[in-house]
Amino acid sequence: MDAHASTPLEHVALRPKDHALLGRGGFRRVGDLVGVDVNTAASSMRIGPDKAQALLEEVEEKAKPPPWHSARELEAQEHQRVPVVSFCRGIDELLEGGAKPGKVLEVCGGPGAGKTQLLLQLCVDATIPHQFCGAGGSSVFIDADGSFAPSRCAQLAKEVAKHVHRLARKKPEHQAAAASYSEDACLDAIHVYRALDHGGVVRALAQASTIPDLKLLVVDSVAAHLRTFEGDPGERIRIIAKLALDLSRVARRGVAVVVSNQLASNLTSDKPGPALGEAWSHACDERLMLQRDASGKRSATLAKSSVRAVGSAPFVVDERGVRDAARKRRGTGSSGTAASA
Amino acid sequence: MNGGRLTLAPDETAREYLRRACAAPRSLGIPALGEADRRGEVVELYGPAAAGKTSLLLQICASWCLPDSHGGGCRKVVWLDCDGRLRPSRLRASIYAYAARACERGAQEAAADALQRVQVAYCASSLEFLCALEGISHLEGEAPLILVDSIGGFFWREVKPAEDQCAAPSLFQACVRAVGRLSSRRKAIIVCAKPKFFRANAIGDHREYLPREWTLLVKRRLVLARVSAERLVARFGDPQTDYSGSFSFGVGADGCCAFGDVR
């Protein structure tokens with residue numbers, strides 16, 4: 001008997017009446033349905049052949065065992081994925097290239113730290129064509145706290161398009177790719193969903209799989225609707241765990257997932273920490289903490305990473321977007337223009 | 001079922017088979033836990049985020065899948081990734097670092113060879129996790145080392161089971177029973193990472209949230225905590241009695257290092 005064929009049918013997520021039909025037909029395990037004739041199954045369950053066929057297909061789909069891969073195969077797949085850069089070399093070095101496909105990156109910080117600006121920059125950068133070392137796809141921005149600014153997004157898209165055309169002048173072989181990339185093409189590849197409650201975030205994540213060539217998914221912010229949750233603490237953990245599962249499911253399709261989180265007071269420490277507590281801390285692969293000091297200088301600190309030690313990088317937010325602090329344009333202040341988070 | 005009996009692997013010579021069959025049972029590769037035979041044990045690694053749970057799982061994996069020449073047991077490992085966060089490049093880096101510490105020469109080749117002995121399944125739901133466990137129980141030959149990262153999330157994702165006795169058994173309970181069968185009948189060693197969800201009274205305290213069936217299965221628990229940016233500590237012991245042992249270690253890009261006593 002096949003390995004997973006011994007799985008009881010009662011553990012497969014079906015409607016109660018479908019469970020009753022399978023029980024009536026004498027089917028107890030997944031293996032009982034393997035190779036069974038549709039007409040035989042239909043007559044034992046006392047239903048029509050079409051309904052029996054649909055039920056068998058549903059069980060086969062839902063009771064599929066996870067595929068096995070060797071670690072070597074997975075490593076080869078990982079090397080083929082292109083990270084989404086942030087246009088700030090310091091932040092990209094902290095993240096070893098940028099927001100990585102298949103992983104969940106959390107960007108955490110107080111008000112005005114630059115979280116939304118960084119997320120907007122990543123959304124725009126995900127559309128840069130492959131020929132210019134970009135991810136070359138589309139991005140999704142799930143706006144949970146109403147922070148998405150279309151004009152700012154257009155401003156960043158314009159800068160990225162200018163950057164691509166500048167690169168194309170040095171690489172004539174990629175002129176065709178650059179010619180088809182413009183501010184409008186960039187904005188067309190960014191899909192925005194305004195989530196008015198947590199259910200909206202969940203629905204948006206479910207629909208993200210329908211976006212063609214999705215390379216980046218951004219949620220701003222995960223804490224927006226969950227911090228006001230007033231139910232049982234166990235129920236809150238259940239909701240957070242389900243959200244983490246939904247995000248990791250999107251990431252497993254080769255999408256870079258970046259979520260922003262707010263800071264909350266910490267009962268065990270003087271410093272505020274990421275909101276949503278211990279249950280959420282396990283959900284992200286990497287955590288980037290953004291700070292802005294009294295003089296307006298911004299910095300990003302890698303607070304959690306599985307591949308490198310913690311580190312820090314300064315950055316600025318100006319009219320071009322998120323950039324390295326060291327590469328200041330003439331005529332701007334040390335922290336750029338007053339683009340707020 | 002074959003229980004713990006070894007069988008000849010494909011393309012394996014008689015000399016290699018005898019060497020493997022006569023080899024001492026593998027320890028977990030963590031110095032402080034010693035060389036005791038852990039067959040049939042369920043070991044839990046408990047701690048908050050960034051406490052070193054996955055790093056220790058990688059250390060244990062490397063100690064099992066590397067060949068004898070590089071300090072390993074040349075045995076199969078099964079990694080059940082329930083959180084979708086296993087990074088293959090990190091796995092290779094940890095295995096290579098372990099091999100290089102044992103013997104620098106040929107470490108790259110040994111690591112590449114070891115990766116072939118690691119099988120990974122991504123489990124997105126309790127049902128996939130259960131199917132994967134059932135699949136392992138039907139494997140021929142010696143039961144592999146089973147690493148689960150992590151066990152806690154599925155419990156919270158499952159719809160709250162009904163209280164009345166007529167309801168279908170909880171899927172998570174079925175998974176726990178499958179783990180129990182693997183440990184008792186196949187003598188498999190199962191090491192599970194369990195995230196800490198509730199704030200405890202002191203650093204290193206354990207607060208159980210999984211059903212009692214799981215608590216009774218666990219024979220050894222390591223409670224992990226981060227004490228500084230470079231050091232982590234682990235208290236370990238029998239969960240039914242006390243946590244009498246402890247050790248400290250560091251975690252870097254190449255995995256765990258600098259195992260030592262707690263100062």
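Q: A polar contact is a pair of N or O atoms within 3.5 Å; within protein, one must be able to donate a hydrogen and the other to accept it, and residues adjacent in sequence count only if both atoms are side-chain atoms. How many residue pairs in polar contact does the rule find across the interface of chain A and chain B?

A: The rule finds 7 such pairs across that interface, with both residues at pLDDT 80 or more. This is a predicted model, in which local features need pLDDT of at least 70 and side-chain atom pairs count only at pLDDT 80 or more, while totals for chains, interfaces and linings use all residues. Residues are numbered from 1 along each chain as its sequence is written, chains are lettered from A and ligands numbered from 1 in the order in which they are written, and side-chain values use heavy atoms, with hydrogens and water left out.

Q: Which elements of chain A supply at least two residues of the side that touches chain B?

A: Strand 1 (68–70), helix 4 (71–79), helix 12 (233–251) and helix 13 (277–281) of chain A each do so. Helices (H or I, at least four residues) and strands (E, at least two) are DSSP runs, numbered from the N terminus. Helix 12 of chain A gives the most, with 8 residues.

Q: And by class, what is on that side of chain A?

A: There are 18 nonpolar, 14 polar and 17 charged residues on the side of chain A that touches chain B. Ala, Val, Leu, Ile, Met, Phe, Trp, Tyr, Cys and Pro count as nonpolar, Asp, Glu, Lys and Arg as charged, and the others, Gly among them, as polar.

Q: How many residues are in contact, and what area is buried between the chains?

A: Taking contact as heavy atoms within 4.5 Å, 49 residues of chain A are in contact with 53 residues of chain B. The area buried between chain A and chain B is about 4,600 Å², and carbon and sulfur atoms give 61% of this. Buried area is the accessible area (1.4 Å probe) that two parts lose on being put together, summed over both.

Q: Which residues of chain A lose the most area to chain B?

A: They are His11(A), Trp68(A) and His282(A), which together account for 16% of what that side buries.

Q: How many salt bridges are there across the interface?

A: The rule, a side-chain nitrogen of Lys or Arg within 4 Å of a carboxyl oxygen of Asp or Glu, finds 2. Glu75(A) forms a salt bridge with Arg92(B), and their closest N and O atoms are 2.5 Å apart.

Q: Back to Trp68(A): what is its bridge partner in strand 3 of chain B?

A: The partner is Ala121(B). Strand 1 of chain A and strand 3 (residues 118–122) of chain B run antiparallel and are joined by 3 bridges. Two strands pair if DSSP finds at least two bridges between them.

Q: What covers the buried residues of helix 4 of chain B?

A: The cover includes strand 1 and helix 4 of chain A, together with helix 2 (53–65), helix 3 (88–102) and strand 3 of chain B. The buried residues of helix 4 (residues 107–115) of chain B include Ala107(B), Ala111(B) and Leu115(B). Buried means under 20% relative accessible area, exposed over 50%, and partly exposed in between (1.4 Å probe, protein chains only).

Q: Now chain A alone. Why is strand 6 described as largely enclosed?

A: Strand 6 (residues 256–261) of chain A is largely enclosed by the rest of the structure because 6 of its 6 residues are buried. Ala256(A), Val258(A) and Ser260(A) point one way, and Val257(A), Val259(A) and Asn261(A) the other. In a regular strand, side chains alternate between the two faces of the sheet.

Q: Which strands pair with it in the parallel sense?

A: Strand 2 (residues 104–109) of chain A pairs with strand 6 over 5 bridges, and Leu105(A) has Val258(A) as its bridge partner. Strand 5 (residues 214–220) of chain A pairs with strand 6 over 4 bridges, with Leu216(A) opposite Ala256(A).

Q: Where are the cis peptide bonds?

A: One runs from Asp220(A) to Ser221(A), with omega near -5 degrees, and Ser221(A) is in the loop between strand 5 and helix 11 (223–226) of chain A. Another runs from Asp149(B) to Ser150(B), with omega near 0 degrees.

Q: Cys133(A) and Leu276(A) have positive phi values; is each buried or exposed?

A: Cys133(A), with phi near 65 degrees, is exposed, at a relative accessible area of 58%. Leu276(A), with phi near 80 degrees, is buried, at 6%. Most residues other than glycine have a negative phi.
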